[in-house]
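Biologist: Please take a close look at one part of this model, the contact between the two chains. Tell me what holds to each side of it, and then what lies around it.

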Amino acid sequence: MAKYLMKGNDAIVRGALLAGCRFYFGYPITPASEIAEGAARYFPKVGGTFLQAESEVAAINMVYGASGGGIRAMTASSSPGISLKQEGISYAAGAELPCVIVNIMRGGPGLGNIAPEQSDYNQVVKGGGHGNYKVPVLAPNSAQEMCSLTMKAFDIADKYRAPVYILADGYIGQMMEPVEFPEPVTDLPRKDWAVYADKESKDNLISSIYLDPYELEKHNRKLQKKYAEIEKNEIMCEKFMLEDAEYVVMGYGIVSRVLKTAVEKLRDKKVKIGLLRPITLFPFPKKEIYDLAVKNCKFLVVEMSNGQMVEDVRLTVQGKTTVDLYNRMGGVVPTTDEVIEHIQNRFSV
Amino acid sequence: MATKVLRKSHAFYDTYFRNPSPDKKMLHYCPGCGHGNVHKMIAEALEDYDVADKTIFISPVGCSVFAYYYFATGNIQAAHGRAPAVSTGIKRAHPDSIIISYQGDGDLAAIGTAEIIHAANRGECITVFFVNNAIYGMTGGQMAPTTLVGQKTTTSPMGRRPSNEGYPIKVAELISQLHAPVYIERVSLHDNKQRAKARLAIRKAIKCQVDKLGFSLVEILSPCPSGWKMDPVDSMRWIEETMQENFPLGVYRDLTKEAEPYTPEILNPTAEAILNLLDIDTELDFKYERKNPPEKYKNPEMKVAGFGGQGILLLGGAMAQAGMLENYHVSWLPSYGPEMRGGTANCHVNIRDIEVGSPMVSDPSVLIAMNRPSLEKFEQDVKKGGLIIYDSSLIDIEPTRKDIEILAIPATKMADQLGNTRIANMVVFGAYMGYTGLMGKETLYESLKTAIKHKRFLDINVKAIDAGYQFGSDNQAG
Ligand code: SF4
């Protein structure tokens, strides 16, 4: 099939529609507004609904309602907006409602700036709102993945009845790259738990309230079982030049692109280094990391944050090897050269 | 009507199986509470209009959080204050449904103020029942936005003082200031006559939705004996004597006669139509042979820079598009963050045999500078042995580097001669390709089709490419 040169943000809109999503509720925020603008343009064209909500809070609750109606729905925002949505995401996780939430991260805390950061890792990967829940998180690093992982996100959401995140940054959103589009999904099955406003579904209830502590514990155990299942089935990661690697760099999103070039260049200098890129941040590629750790690979995690993913890597290697952090904040994207220099100094290679 | 009083509405469950209490026949509300009355009136109306099967009841947070114990309809429980947003989502998903958004005063008039105002303002075709009992019942009698001046609650122990807590919010009046709502009425439950009126208002509000007329809201003054610490009889008297005065009963809006029914159009395009509607052209094909440029020009990492209005991003996009047409791996990244300051635009383009790693180009092998600040700013970044192409009709200095190739092209002048200053970017596009031999003209023409939005400009852009290409190949290095 043909390829299209397209921005990552546009690829998300196309991907969502090709996945059969027909409902978009959102609130404008830089650098995610392009997704809302694309949705405003394309959702109605194919019989869908685009609605600009009065707030991020309202937007996620509209998604909650629409998803309760058994259809595929989504929203997109950027970091401060995601903070506002956390309540609704917790409710969706509790009521087990599938939906897709796109977060094009920006610099924080507070108003911060609109440059790309990765400082939402904790609030996205660890649940973020109140309660014992997790949200599968897919982290694309190309325009192609912005499309294909958005489509995948809807499948995961439906399969496990859970909200799913697309976690990206302004670079991946703004960058144009060739994208190949698959055939659209048209016949989505009816969901036996949803309320369709008809006789067959009228005994269904969408709710996250369990007044009795034992009942709520039971519900929580069920959720945890689901997350364990997701960890078993849904891990995705990219391995690049890892077979003989003595050093492993890790990063996701735009950072992983920088790291790939760094690895290529260091390989030219005969440095045995490879890249492990988590594509899913929850579930986290723990086994892949651990296997490299016991082979004594030294790790360097590169993040555009104060070091959030690195904590998960450290937890995973269980002290079997060293895990270093190289980080930039405030919206500064590390260059290939600075990463190479850091690696050469740190590891004396 | 007579039979209805004798048996329970079919819009209620026969036994309240979801209620964990051993008594599956009783409502969970306190004795003398108004919620039971309102529920009953709603259930009767749903049955009368024969819409219970397609109704979805939105349970709020508050005493009526368990409304789904009772209503034999689809049920969704919503977060505090968010019922109108949840209602919006489900109504949009199922336009034929009947959505009952049931809210208390804290829910609707405090934490959910934005949601109710905007749902009303959009004219969502939903029905809102707003139970106003001037207190937070469920959480134990705290002050509500509708608590009366002087009224004592656990969080206004000296009585509500306007100097500290402001005045009670009058929701029916407030919402009736908006353009879209079709029907708004305030009713009360304090005696038989008022309850009869309330029943009619509830029916009318639901009918308004059944007829697809738009947004309806009924505010119901309702007793909360537990919260008010009164017995049921005193509670009724308090509504009649005190609450009513602050919240006058009556119809605040009734456009049910004038409003036109609205049914959203349903589109269900086929798979093929969807691709077309999304501007995904399944016919597009890639038949463009790659040329074999000298090694030094392969895999360019480019920076394209100039003034905002010079079509810099478009030029970069055309480069990437052309590369893609020849099946190269390509990336295009507009300037972002600190680099954007100073009114200059630039973008990073990679055209590569193998996958593009970092899309950012900090040391370009090719710099295209369309104005002087760009040349000054980026000249030193260019890789040794790299190439600078600059518009010599706009830039009155020369690059100082001796370790790179330089192509000076009077692009703006050439564009002027062709009749349009704005095609200088395409002159440079052609010049770069002609100079390096990276791609043939056919590919460039094809790339224009997506890069140039207005087809009437295609011809002149083709001419610009031709002129530039010629200039480039005439001035090749050594
Ligand atoms: S606290 Fe008040 S509103 Fe709540 S159930 Fe009791 S009487 Fe009704």
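Modeller: Here is the contact, followed by the sheet, the ligand shell and some backbone details.

This is a predicted model: local features need pLDDT of at least 70, side-chain atom pairs count only at pLDDT 80 or more, and totals for chains, interfaces and linings use all residues. Residues are numbered from 1 along each chain as its sequence is written, chains are lettered from A and ligands numbered from 1 in the order in which they are written, and side-chain values use heavy atoms, with hydrogens and water left out.

Start with the extent. Chain A gives 74 residues to the contact and chain B gives 67; contact means heavy atoms within 4.5 Å. About 5800 Å² is buried between chain A and chain B, and 64% of it is on carbon and sulfur atoms. Buried area is the accessible area (1.4 Å probe) that two parts lose on being put together, summed over both.

Next, the polar side. The interface of chain A and chain B has 24 residue pairs in polar contact, both residues at pLDDT 80 or more. A polar contact is a pair of N or O atoms within 3.5 Å; within protein, one must be able to donate a hydrogen and the other to accept it, and residues adjacent in sequence count only if both atoms are side-chain atoms. On the side of chain A that touches chain B, helix 3 (residues 56–68) of chain A supplies the largest share, eight residues. Helices (H or I, at least four residues) and strands (E, at least two) are DSSP runs, numbered from the N terminus. By class, that side of chain A holds 41 nonpolar, 15 polar and 18 charged residues. Here Ala, Val, Leu, Ile, Met, Phe, Trp, Tyr, Cys and Pro count as nonpolar, Asp, Glu, Lys and Arg as charged, and the others, Gly among them, as polar.

Now the charges. Side chains of opposite charge can pair when their charged atoms come close. A salt bridge is a side-chain nitrogen of Lys or Arg within 4 Å of a carboxyl oxygen of Asp or Glu. The count over all chains is 50, and seven salt bridges cross the interface of chain A and chain B. A:Arg41 meets B:Asp279 in a salt bridge at 3.5 Å, N to O. Another salt bridge pairs A:Glu87 with B:Arg82 at 3.0 Å, N to O. A:Glu87 lies in helix 4 (residues 79–94) of chain A and B:Arg82 in the loop between strand 2 and helix 3 (83–93) of chain B, so the pair joins two chains.

The backbone also crosses over. Strand 9 (residues 205–206) of chain A runs parallel to strand 2 (residues 74–77) of chain B, joined by two bridges. Strands pair if DSSP finds at least two bridges between them. A:Leu205 has B:Asn75 as its bridge partner. The open sheet has eight strands with mixed pairing, in the order 9(A)-2(B)-1(B)-3(B)-4(B)-8(B)-7(B)-9(B). Strand 9 of chain A and strand 9 (250–254) of chain B stand at the edges, each with a single partner strand, so one side of each is left without a neighbour in the sheet. Strand 7 (residues 183–188) of chain B joins strand 9 of chain B by four bridges, antiparallel. There B:Ile184 stands opposite B:Arg253.

The ligand shell belongs to chain B. Residues around the ligand include B:Cys30, B:Cys33, B:Cys63 and B:Cys224, where near means a heavy atom within 4 Å. The shell has six nonpolar, four polar and no charged residues.

Last, one backbone detail. The peptide bond from A:Thr30 to A:Pro31 is cis, with omega near 0°.
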